[in-house]
Amino acid sequence: MQLYNKLSAKERATLIEEAGEDRLTLSFYAYAKIGNPKLFRNYLFIAWDAMEVLGRIYIAHEGINAQLSVPAKKFDEFKNFLDSIYFLENIRLNIAIEHDLKSFLKLKVKVRDKIVADGLEDESFDVTNKGVHVDADKFNELLNDPNTILVDMRNHYESEIGHFKGAVTPDVDTFRDSLSIIEEDLKEHKEDKNLVMYCTGGIRCEKASAYYKHKGFKKVFQLEGGIIEYARQVENLSLENKFVGKNFVFDHRRGERITDEVISNCHQCGKACDTHVNCANEACHLLFIQCEECSKTMDTCCSNTCKEINALPFEEQKALRKGIPNSNKIFKKGRSEVLKYKH
């Protein structure tokens, strides 16, 4: 029984290229009580591996969070499988706006403490007691209301390249950082203002809306399906698009173009740019914004030091990394002092 990947990302990429078949990038989430996350994890892996599904999936006692790449010809089989699971029947699937055959190159199904890391130890609030879900039309209507406060529940490196007009965009690295900051900043408006939230696909807002209702906010709303579904509805229904820029996504694409506006800058030269890259130095791997010119000059590195290290033979690079743990510190998103035009 296979419960892990047997192919490397490179080997998988080659197979995908050779197959030349369309794949769909999609995501979904569900808050539900899962008694045995490990058993459920294994069940999903076996089924999805057989369907050639790739992606990153988190399972916890509180539910499932999935970002996937599915062969287009097997989509119906995949959907029927989901419908066979009681809490996933007719689940909304956020289909990507821009597809990429290599958005995911491995199937990773992991058991976590929570499907969205929130840093909360308060178990007294009910995550299913969520705010009011609104579609794109109602969302736009709420944004036109002067009594509305719009909050971006994503991280700074996400909102930097694209956000809704007039949104509060907290300067945070993680979702858990934003919860207390927003609560403190808006505590005077628990009774009188509409608290409207949005994120990429809805999962962070789902938990945040339940949390803020628990904290006493009376008028809590969230954008159903997040930015992904909003962009689809705006186009299909010919609605005003109040989003500007690019939508950050957590796969190899790193972003989907929503509008033509480029609202951010290359972190190295300051030129208008909204392309995220990871530093080519594996010991750094910093996520930052880099234009094509700087990418060529710097060999897709964030600094001259990393450029020099990246030019060394692989074994020498490996030796330099030996004994140095890959902590979260080296994965800080765009916070490095070497970036002159960082957010």
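Reader: Is Lys 138 buried, partly exposed or exposed?

Author: This is a predicted model, in which local features need pLDDT of at least 70 and side-chain atom pairs count only at pLDDT 80 or more, while totals for chains, interfaces and linings use all residues. Residues are numbered from 1 along each chain as its sequence is written, and side-chain values use heavy atoms, with hydrogens and water left out. Buried means under 20% relative accessible area, exposed over 50%, and partly exposed in between, with a 1.4 Å probe and protein chains only. Because Lys 138 has a relative accessibility of 33%, it counts as partly exposed.

Reader: Which side chain meets that of Lys 138 in a salt bridge?

Author: A salt bridge is a side-chain nitrogen of Lys or Arg within 4 Å of a carboxyl oxygen of Asp or Glu. The partner is three residues apart from Lys 138 in helix 4 (residues 136–143), so about one helical turn separates the two. At 48% relative accessibility the partner, Glu 141, counts as partly exposed. The N to O distance is 3.3 Å, and the side chain that meets Lys 138 is that of Glu 141.

Reader: How many helices and strands does the protein have?

Author: Helices (H or I, at least four residues) and strands (E, at least two) are DSSP runs, numbered from the N terminus. By this count the protein has 11 helices and 14 strands.

Reader: What is the radius of gyration of the protein, and why does it agree with a compact globule?

Author: The radius of gyration is taken over C-alpha atoms, and the globule rule is 2.2 Å times the number of residues to the power 0.38. The C-alpha atoms fill a box of roughly 60 × 50 × 45 Å along the principal axes. Because a compact globule of 343 residues would have a radius near 20 Å, the value for the protein agrees: 21 Å.

Reader: Is Glu 229 in helix 8 buried or exposed?

Author: Glu 229 and Arg 232 are three residues apart in helix 8 (residues 226–237), which means that about one helical turn separates them. Their side chains meet in a salt bridge of 3.8 Å, N to O. Arg 232 is partly exposed at 27% relative accessibility. With a relative accessible area of 14%, Glu 229 is buried.

Reader: What is the N to O distance in the salt bridge of Arg 253 and Glu 256?

Author: Arg 253 is buried, with a relative accessible area of 16%, and Glu 256 is buried at 0%. The side chains of Arg 253 and Glu 256 meet at an N to O distance of 2.9 Å.

Reader: Which residues do salt bridges that share partners join into one network?

Author: The structure holds 17 salt bridges. Through shared partners, some of these join Lys 246, Arg 257 and Asp 274.

Reader: How far apart in space are Ser 209 and His 133, C-alpha to C-alpha?

Author: Ser 209 lies in helix 7 (residues 203–214), and this residue is buried, with a relative accessible area of 0%. Ser 209 and His 133 are 76 residues apart in sequence, yet their C-alpha atoms are separated in space by 9.8 Å.

Reader: What separation in space do the C-alpha atoms of Val 262 and Ala 272 have?

Author: Val 262 lies in the loop between strand 12 (256–257) and strand 13 (276–278), and is partly exposed at 37% relative accessibility. Val 262 and Ala 272 are 10 residues apart along the chain, and their C-alpha atoms are separated by 6.4 Å.
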